[in-house]
Amino acid sequence: MKGPSLEDVFRAARELEGVVRRTPVLASESLSNMVGSEVLLKAEHLQKTGSFKVRGAYVRLARLAEEGVKRVVAASAGNHAQGVAWAARRLGLEARIYMPESASLPKVQATRGYGATVVLEGKSFDESLAAARRYADEAGAHLVHPFDDPWVIAGQASIALEVLEQVPDLDSLVAAVGGGGLLAGLGLAVKALRPEVKVYGVQAAGAAAMKRSLEAGRPVRLPHIGTLADGTAVAKPGILTFALVRRYADGLAVVEEESVAASILLLLERTKQVVEGAGALPLAALLSGALRTRGRTVLILSGGNIDPGLLARVIRHGLSAAGRYVLIKTLLVDRPGELQRLLKVIADANANVVSVLHRRTGITLPLEQVEVEITAETRDPEHAKALLEDLARHGYVLLEGEGSQWARPRPAVAPPNPP
């Protein structure tokens, strides 16, 4: 399969004029101070359909419409689905989208809202893609691949042309990587126009198929994938995208889930931008130290289609990862006043109690004791650490269970009468 040329990228950009948004580049002094160099945010989460994916989808469907194609089919966990559905409606094409059974309800509803027929089939993106291929063969529909397509890549590359105009003194560009279509397009365009600019990709540890493939020297399939950055949950990169990423990318970083959650929260708090997991990957790489850039760095906030329920969980997880939520789990003697005494220690440490779970019965619960699980909100990691030290000084011992990074489990129970 032949990759796109620079002229293809310029053609794609011309076709997208007046069709998609020219998204802004946002400055953030607070993020720049945290990273130690200037950080700018390319707000593709504010794009039509909430993701950069509409660029490549529209360009690909525009080519098909010129060729007389009337029916298209695609597979996606959400963002490509919405992009294809929106573009098909605008171009007058019939679209059928296969999505994993676990796809978030808002993404499914949005895709249907753009006029596409949605079929939930498969446990993963790869299974949905297989179903889409079968339908394409049976119904004669044209399959619009989410990343391994030259015109899709050319459409995504239009972002690079905008960034180079908006930030003429750009030094580094960072984007999330799933199947590799975005990074492939960015790398192709940037290296052709400004070869001195560094182009980096970021993957979640639970779905680092491109990283593993680069190490192996060929596209390889991961046996299992799982990440809250569901927009990048691809088990195997494309043949074309792999070749382009290997040729043009200056590096590929991998980050843990805690960093992704913390970055979603940070973008929400400090910049008031709501992004999904994939959109937060570039910032997670810089803040975690997995990637170090120089000079002016633009991070692509690739999507904002995050399920509200997931966002609530991510906020809680992010607060915990940032040392601002601490889970305190201990045993108390089952008598009046013991819970009040524990809460006073927490209050005296100026921590805020978010929730209290009080268990009086259980197979493993010692006789005449109760298990208490308290979620407390703290200011920062130092405050969280000080709270746990105060609890230890008062004789409380944490039981095994989840908690902040300082709340390490200790196999013991509380004394019968804490002082």
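Both faces of strand E11 are covered in this predicted model, and I would like to begin there: on one side Tyr325, Leu327, Lys329, Leu331 and Val333 are buried, and on the other side Val326, Ile328, Thr330 and Leu332 are buried as well. Counted along the strand, 9 of the 9 residues of E11 are buried, which means that the strand is largely enclosed by the rest of the structure; buried here stands for under 20% relative accessible area.

Let me now turn to the sheet that E11 belongs to, which is an open one of 3 strands in the order E11-E13-E12, with antiparallel pairing. Strand E11, residues 325-333, and strand E12, residues 352-359, stand at the edges with a single partner strand each, and therefore one side of each has no neighbour within the sheet. From one strand to the next, the twist averages 20°.

As for the pairing itself, E11 runs antiparallel to strand E13, residues 369-377, and 9 bridges join the two. If you follow the bridges on the structure, Val326 of E11 has Ala376 as its partner in E13, while Val333 stands opposite Gln369 of E13.

What packs on this sheet, touching E11 and E13? That is helix H15, residues 381-393, whose direction makes about 10° with that of E11. So, to put the pieces together for E11, we have a strand at the edge of the sheet with a single partner strand, in contact with helix H15, and with both of its faces covered.

Definitions and conventions:
Residues are numbered from 1 along each chain as its sequence is written. This is a predicted model: local features need pLDDT of at least 70, side-chain atom pairs count only at pLDDT 80 or more; totals for chains, interfaces and linings use all residues. Side-chain values use heavy atoms; hydrogens and water are left out. Two strands pair if DSSP finds at least two bridges between them. Helices (H or I, at least four residues) and strands (E, at least two) are DSSP runs, numbered from the N terminus. Axes are lines fitted to C-alpha atoms, for helices over the stretch in contact, and angles run from 0 to 180 degrees between N-to-C directions. Contact means heavy atoms within 4.5 Å. Buried means under 20% relative accessible area, exposed over 50%, partly exposed in between (1.4 Å probe, protein chains only).
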